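I sat down with this chain today and kept notes as I went. Here is the structure, so you can follow along.

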Amino acid sequence: MRDIEKIGKILGLAIAALYLIFFQGNEIFEWILFATILLTIGIPHGALDHLLLNPKIDNKGLIKFIIKYLAIIIGYLIVWIYFPVPALIAFLMMSAYHFGQSHFIRMELEKLKKTTYFFTGVFYLSVIFWGDFENTAIILMGIVDILPLEDFGWPVIISSLIISNFLMAKNDTKAWRLFAIEMLIMGMVLYQLPLLVGFIIYFGFWHALPSMTEEYQSLKWYFGKDHFKNFVKRLMPFTAASIGGMWVILAVFYPGSDSEELILLFFILVSLISAPHIWYMNIFLEARKS
């Protein structure tokens, strides 16, 4: 199962190369790619949050989990409504930490690990956002004008790369070189891709797939003999609920919105379901290392 991560990363790089060589500017290809990775890996990787801390959760426990999950979502939604800029900043910071954490799932960092997670995530997000800054600015225009930040792209990218690698070197003098090479290669690739393509390739193959693999390894004992089949089955209910809820909301707003507004709405919806997921996943991953 762990080999799937390596295969996934090779596949991600192959898709990126395929896009850059044959499909640049092909919006149909971009949307098909985005939807395929999102529906098969992206959303499902958070569909087992209710089992991460207690695989034998009963109905009472499940109801409590759902209530807590929805309370976090509603609370964050209120922040988005009344304080959109702080909500956006919070989402970016949470995502940087969460994405960075997934690069160290099977490596225990002893020194400044949360800072290492954060700056690793900042690097990858910054090359994605500043690599297609024009579209990033257009999408976020409904919340804040980020055009004055355009010249800060390279300083953020380079400084986060240096800080992340410095912290990794302090933690593991053997592995950090491989991480540095991967960051440089991925940074160059992601910077060349349009926003949605770069984001979904990184999100799917460098974050969601490794996280899902770790969930499977942790829970397969609970799923019995047909553990992979049962693992997939247990992914379905909350995956379907998430997809269905997002589809309904997007369908309601579709008639009066342009594509950039719908993309922004989509990322806000993603942020809402990500807030509780990041919290549960952090507890799960750190407990696995202790």
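Which backbone nitrogen does a side-chain oxygen of N26 reach at the start of α2? I looked it up in what is a predicted model: the nitrogen belongs to I28, and the oxygen of N26 comes to within 3.1 Å of it.

**Entry: helix α2**

I stayed with α2, which covers residues 27-42. I went through the helix for burial and noted F29, E30, L33, F34, I37, L38, I41 and G42 as buried. Looking down the axis of α2, I found these buried residues within an arc of 150 degrees, so they line one face of the helix. A reminder to myself: an α-helix has 3.6 residues a turn, so residues three or four places apart point the same way. On the other side of α2 I noted I28 and I32 as exposed. I28 thus turns up twice in my notes, as an exposed residue and as the partner of N26 at the helix start.

**Entry: E286 and its partners**

Next I went to E286, in helix α12 (residues 259-289). Is E286 buried or exposed? I put it down as buried, because its relative accessibility is 17%, under the 20% cut-off. I then checked what E286 touches beyond four places in sequence, and found Q101, K113 and Y117. Each of these contacts has an entry of its own:

- The side chains of E286 and Q101 share a polar contact of 2.9 Å.
- The side chains of E286 and Y117 share a polar contact of 3.0 Å.
- K113 and E286 form a salt bridge, with 2.6 Å between the closest N and O atoms.

K113 sits in helix α6 and E286 in helix α12, so this salt bridge ties together parts 173 residues apart in sequence.

I followed K113 a little further. The side chain of K113 also meets that of E108 in a salt bridge, at 3.9 Å from N to O. I have K113 as partly exposed, at 26% relative accessibility, and E108 as partly exposed too, with a relative accessible area of 39%.

**Entry: salt bridges elsewhere**

How many salt bridges does the count come to? I get 5. Side chains of opposite charge can pair when their charged atoms come close. One of the bridges joins the side chains of E5 and R106, at 2.4 Å from N to O. This pair links distant parts of the chain, with E5 in helix α1 (residues 3-23) and R106 in the loop between α5 and α6, 101 residues apart. I looked at burial for both partners: E5 is buried, with a relative accessible area of 9%, whereas R106 is partly exposed at 45%. I also found E5, R106 and E214 linked in a network of salt bridges.

**Entry: the loop between α5 and α6**

R106 made me curious about the rest of this loop. I picked S102, which is found there. S102 is buried, with a relative accessible area of 6%. A polar atom of its side chain lies 2.6 Å from the backbone oxygen of F99. Setting aside neighbours within four places in sequence, I have S102 in contact with W206, H207, P210 and S211.

L112 is in this loop as well, and I counted it as exposed at 53% relative accessibility. What caught my eye was its phi, near 50 degrees, a positive value in a residue other than glycine. Most residues other than glycine have a negative phi.

**Entry: S95 in α5**

I then went to helix α5 (residues 84-101) for S95. At 8% relative accessibility, S95 counts as buried. Which residues is S95 in contact with, leaving aside neighbours within four places in sequence? I found G100, L125 and I278. I also took the C-alpha distance from S95 to K68: the two are 20 Å apart in space and 27 residues apart in sequence.

**Entry: a nonpolar patch**

My last look was at the surface. I found a nonpolar patch formed by I66, L70, I74, L77, I78, V79, I81, Y82 and F83, with about 850 Å² of accessible area together. I checked V79 in particular, which is found in helix α4 (residues 59-82). At 30% relative accessibility, V79 counts as partly exposed.

How values were computed. Residues numbered from 1 in each chain as written. Predicted model: local features only at pLDDT ≥ 70, side-chain atom pairs only at ≥ 80, totals over all residues. Heavy atoms only, no water. Buried < 20%, exposed > 50% of the residue type's maximum accessible area, 1.4 Å probe, protein only. Helix = DSSP H or I, 4+ residues; strand = E, 2+ residues; numbered from the N terminus. Arc of directions from axis to C-beta. Polar contact = N/O pair within 3.5 Å; in protein donor to acceptor, adjacent residues only side chain to side chain. Contact = heavy atoms within 4.5 Å. Patch = residues over 30% accessible without salt bridge, like charges linked within 9 Å, V, L, I, M, F, W, Y side chains within 5 Å. Areas by Shrake-Rupley, 256 points an atom, 1.4 Å probe, with all protein chains shown as cover. Salt bridge = Lys/Arg side-chain N within 4 Å of Asp/Glu carboxyl O.
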